[in-house]
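User: Hey, I'm new to this one. Can you walk me through what holds it together?

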Amino acid sequence: MPDRSKKEKVMQRLETAVKIIYLCFALSTFHSFLYVSPVQPVLVKLTLISGASLILFRFIRIGDYRKIPGIILMLWFCISFVVTSVMNRQYGMTENVKWIAWTGVQFFALYACSVRRTTEEYGKEFRLLSHLIIGYSMAAAAVSLWMLLTFYSNMVTTPEGEKIISGFKWGRLWGVYTDPNYGSVFCVIAIILSVLFLIQKKGKRRIFYGIGILLNFLYVVFSDSRTGEFALIFSLGIFLYLWMVRKWNGKRAVRYLISLFLVLCLGAGVYGSVQLIKTEYNNRLVPVLKEMEGNQEMKKAGVGRAEDLKDNVSNGRLQLWKSGVEVWKESPVYGTGYSTFPDFAGEHVPDTYAVNNTQGDYTSLHNNFLNILVFQGLLGFVLFLFLVLRLAFCVLPGLCRAQGEMYLNLAAMLAVISAVGIAMLFLLEGLYTNSPGSFVLWTFAGYMVHASCKIRSERIE
């Protein structure tokens, strides 16, 4: 029995270590300076080796994982990815195979949670990872805001021809993130987690979370990311609504209506605050900063893209989505493959917008649900849809039955996953990418499913 207990502890530590390593890897992938540094290749190898090791150990103890809700659908989704890659092998298979492996790490290393572990153990792991996210986001937001105030702007080109931007450029705050949209969504995730701990903690520790909320909110504002703004209003609204309906006593209908009204008011307040801060910065602070920097001729120092979006409100997304549908019609069942999409489109629909525009070939359609349909066809899309429904039907009853701290944690996780879901409507997020959002989506989904199964089994007993 002691040997078995020791093995369990080793597995627990390995699981936690893999998640921390993957989180560091995901953060470095979207960090302007780390992405082009020698650190990145080391983290790639470390993540793959540790993730593969964990999956191997889990396969040996497959009995602890085979009944996890959704795990079989995940396996079939990966198999559909293999089918897609084989059917499009004439365009190359190396990159597609690489992303099949990464998808396996996300599903079977991040999502899968052992039935032998307790909700308290995973609760500790959730708090540890959440504080790593909050701490990193605060540091990244603080440095990014300094770049804004000093008008720092830089662009480097990698040997592969990829342009990496940092600082303030084109009316948006990129800061230390390689993309302001992904950066703002990550800040939204950190804000929700900070609000959770602000509610749960007492004393001076709450100041830390308050500062985190402020710094990350300011990054969302100055990134001028409409995706981030929408994700903040919607996902934070979900969390606060779920918190308020349980906080007050009284008739259920009254609690629900009052909570909904307050959340709507909060959403309007957040939106108004974002616009007000941008206006005040542009009209009052920018002239002062220009004078301090001694550069009155600096152009595009203000935040905003009104001129750029005046003639194209969707920023090209509607054309890209239409193009995606055109390409999908050429291979509706098994799709085009992920990395082989441009080559497939170039051969079958050469006049389509995705590969016939002034910006260059698109490898993503800026909507990951549409990406799944196009890249893996109806086969992969239906499997992913069933997976989402399976997880929802497992998690939502568990959330309704949860109590106390467990309920708040699950509510925050649901809100965070909702933020990633919103980002998936406009970005390459959740799948086909090693982003902080992908990490949070599958790790927190695993925690929610594990907790919901435990709650259901306790209720039956």
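Analyst: Sure, we can go through charged pairs, aromatic rings and a pocket. Keep in mind that this is a predicted model.

User: Okay, charges to start. How many salt bridges are there in the whole structure?

Analyst: A search of the whole structure turns up 13 salt bridges. One of them pairs glutamate 15 with arginine 117, with the closest N and O atoms 3.1 Å apart.

User: Where do glutamate 15 and arginine 117 lie?

Analyst: Glutamate 15 is in helix 1 (residues 2-29), while arginine 117 is in the loop between helix 4 (94-111) and helix 5 (119-149), so the pair ties together parts that are 102 residues apart in sequence.

User: Is glutamate 15 buried or exposed?

Analyst: Glutamate 15 is buried, and arginine 117 is buried too.

User: Got another bridge for me?

Analyst: Aspartate 224 and lysine 278 meet through their side chains, at 2.6 Å from N to O. Aspartate 224 sits in the loop between helix 7 (205-223) and helix 8 (226-247), and lysine 278 sits in helix 9 (residues 252-293), so this pair links distant parts of the chain, 54 residues apart. Both aspartate 224 and lysine 278 are buried.

User: Which residues do salt bridges with shared partners join into one network?

Analyst: That network takes in Glu15, Lys19, Arg58, Arg117, Glu121 and Glu125.

User: And what about arginine 61, what does that one form a salt bridge with?

Analyst: Arginine 61 forms a salt bridge with aspartate 64, and their closest N and O atoms are 3.5 Å apart. Arginine 61 has 23% relative accessibility, so it counts as partly exposed. Aspartate 64 counts as buried because its relative accessibility is 10%, and the cut-off for buried is under 20%.

User: Switching to rings. How many aromatic pairs does the structure hold?

Analyst: There are 32 aromatic pairs. Take phenylalanine 77 and phenylalanine 107: their ring centres are 6.0 Å apart and their planes are at 65°, so the pair is edge-to-face. Phenylalanine 77 belongs to helix 3 (residues 71-87) and phenylalanine 107 to helix 4, so the pair ties together parts that are 30 residues apart in sequence.

User: How accessible are those two rings' residues, phenylalanine 77 and phenylalanine 107?

Analyst: Phenylalanine 77 counts as buried at 1% relative accessibility, and phenylalanine 107 counts as buried at 0%.

User: What about phenylalanine 126 and phenylalanine 444, how far apart are the centres of their rings?

Analyst: Their ring centres are 5.2 Å apart with the planes at 70°, so that pair is edge-to-face. Phenylalanine 126 is in helix 5 and phenylalanine 444 in helix 15 (residues 436-460), so the pair ties together parts that are 318 residues apart in sequence. Both phenylalanine 126 and phenylalanine 444 are buried.

User: Which residues form one aromatic cluster with those two?

Analyst: The cluster is made up of Tyr122, Phe126, Phe197, Phe208, Tyr209, Phe444 and Tyr447. The charged end of arginine 117 also sits over the ring of tyrosine 122, 4.1 Å from its centre. Elsewhere, arginine 246 lies over the face of tyrosine 407, at 3.8 Å from the ring centre.

User: Last thing. How much space lies in the second largest pocket?

Analyst: About 490 Å³. Of the 20 residues that line the second largest pocket, Val388, Leu391, Leu414, Ile417 and Leu441 are the closest to its centre.

User: Which helix supplies the largest share of that lining?

Analyst: Helix 13 does, with 8 residues. Helix 13 (368-401), helix 14 (404-424) and helix 15 each supply at least two residues. By class, the lining has 18 nonpolar, 2 polar and no charged residues.

Notes. Residues are numbered from 1 along each chain as its sequence is written. This is a predicted model: local features need pLDDT of at least 70, side-chain atom pairs count only at pLDDT 80 or more; totals for chains, interfaces and linings use all residues. Side-chain values use heavy atoms; hydrogens and water are left out. A salt bridge is a side-chain nitrogen of Lys or Arg within 4 Å of a carboxyl oxygen of Asp or Glu. Helices (H or I, at least four residues) and strands (E, at least two) are DSSP runs, numbered from the N terminus. Buried means under 20% relative accessible area, exposed over 50%, partly exposed in between (1.4 Å probe, protein chains only). Rings of Phe, Tyr and Trp (its six-membered ring) pair if their centres lie within 6.5 Å; planes under 30 degrees apart count as stacked, over 60 as edge-to-face and the rest as tilted. A charge sits over a ring if NZ of Lys or CZ of Arg is within 6 Å of the ring centre and within 35 degrees of the ring normal. On a 1 Å grid over the protein atoms alone, a cavity is a set of points where a 1.4 Å probe fits but cannot get out, and a pocket is an open set with protein on both sides within 12 Å along at least five of seven lines; lining residues have an atom within 4 Å of a point. Grid points are joined across faces, edges and corners, and a volume is the space filled by probe spheres set on the points. Ala, Val, Leu, Ile, Met, Phe, Trp, Tyr, Cys and Pro count as nonpolar, Asp, Glu, Lys and Arg as charged, and the others, Gly among them, as polar.
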